[in-house]
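Fancy getting to know a new protein by working through a few exercises? Grab the viewer and try each task before reading its solution.

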Amino acid sequence: MSDTEHAVTSRYTNPGAEKWLDNPIACLDHGFVMLKDYMGGDESIVQAARVSYGRGTKHSSSDKALIDYLLRHRHTTPFEMVEFKFLAKMPIFVARQWIRHRTASVNEMSARYSVMEDDFFVPAPEELRFQSTTNRQGGSADEVPPELAQKVADILRRGTERTYAEYSEMIEQDIARELARIHLPISLYTQWYWKIDLHNLMHFLSLRMEAHAQREIRVFADAMAQIVRDAVPWSWEAFEEYNLGATYLGKSESEVIGALLRGENVTALPTPIAKGGRRREFEEKLRSFGIDPEKALPPIVE
């Protein structure tokens with residue numbers, strides 16, 4: 001039996017997930033995300049939530065409403081009944097970000113046992129960006145001049161070519177792979193199997209699909225989102241409603257917005273959001289509500 005053939009089974013099959021089995025989604029220049037296996041679907045979440053009642057109701061509208069209620073009220077345990085196993089290929093620097101989500105089972109290829117392929121991520125000139133002046137761990141939206149962008153892209157490309165040639169030379173001289181690998185840069189591609197339940201996968205996606213997430217990991221999150229959207233459409237709809245498309249407010253932020261809605265003048269902001277990064281973030285939230293922060297809020301007091 002080939003890898004793409006499946007024996008007749010009595011286990012739950014999910015048509016939305018089945019369509020993605022062994023079908024890779026290309027990411028970046030050499031990477032991909034591919035669904036290798038899964039367990040359950042929206043029905044599994046409903047069954048877990050209604051465990052005292054067996055299968056529960058027979059009306060899909062009631063089941064969909066239950067999933068909406070669970071996510072709306074952050075009752076997340078039933079979502080752990082659904083699992084996905086992905087095979088992914090990504091640059092090492094993306095993998096190091098990715099692995100910070102410690103709620104998955106991971107098995108990564110090892111350069112101690114394998115000779116690494118000549119696959120490196122080199123951003124296109126138009127993808128290069130300056131360092132952000134307000135976010136220490138991110139890039140800015142300011143355009144890099146074409147001449148500088150091409151220069152940087154060429155530097156990165158030449159560096160990977162030289163490094164891989166030197167790595168290959170060490171391998172040919174029978175230097176231990178576990179030592180030769182230390183010369184390789186974090187732009188090198190690695191692969192792993194990544195198995196995770198739906199609750200923790202949605203948390204991963206909420207962070208890595210966010211507009212401020214690094215683009216190079218966001219494309220992998222977007223790829224997985226295509227699969228999840230088809231596999232658990234009711235859960236995905238609730239996820240979009242209460243997470244991806246939602247704006248979260250802190251206590252101080254809620255108090256200020258409440259005052260604005262009552263038509264009250266805000267003469268001073270609560271200390272947590274008075275200035276700095278919290279102030280800038282709150283102003284962004286007000287703009288998303290159609291409120292001009294320059295008119296609604298008092299000036300920043302240094």
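Below are three short exercises on this predicted model, each with a worked solution.

**Exercise 1. Get an overview: how many helices and strands does the protein chain have, and what does the chain span along its principal axes?**

Step 1: go through the secondary structure, and you get 12 helices and 7 strands.
Step 2: lay the C-alpha trace along its principal axes, and the span comes out at about 75 × 60 × 30 Å.
Step 3: check burial; of the 302 residues, 38% are buried.

**Exercise 2. Find the residues that touch the most other members of the largest nonpolar core.**

Step 1: start with the background idea that nonpolar side chains tend to be buried together in soluble globular proteins.
Step 2: look at the largest nonpolar core here, which has 47 residues; V33, W98 and L201 touch the most other members.
Step 3: see who supplies this core; helix α8 (residues 215-231) gives the most, with 9 residues.
Step 4: zoom in on V33. Setting aside neighbours within four places in sequence, its contacts include W98, F86, L87 and A88, along with F220, A223, M224 and I227.

**Exercise 3. Work out which strands pair with β7, and in which sense.**

Step 1: take β7 (residues 189-197) and strand β3 (residues 83-91); they pair in the antiparallel sense over 9 bridges. One bridge to find is P91 with Y189 in β7.
Step 2: now try strand β4 (residues 105-108), which also pairs with β7 in the antiparallel sense, over 4 bridges. Here E108 has W192 in β7 as its bridge partner.

How values were computed
Residues are numbered from 1 along each chain as its sequence is written. This is a predicted model: local features need pLDDT of at least 70, side-chain atom pairs count only at pLDDT 80 or more; totals for chains, interfaces and linings use all residues. Side-chain values use heavy atoms; hydrogens and water are left out. Helices (H or I, at least four residues) and strands (E, at least two) are DSSP runs, numbered from the N terminus. Buried means under 20% relative accessible area, exposed over 50%, partly exposed in between (1.4 Å probe, protein chains only). A nonpolar core is a set of buried Ala, Val, Leu, Ile, Met, Phe, Trp, Tyr and Cys residues joined through side-chain atoms within 4.5 Å. Contact means heavy atoms within 4.5 Å. Two strands pair if DSSP finds at least two bridges between them.
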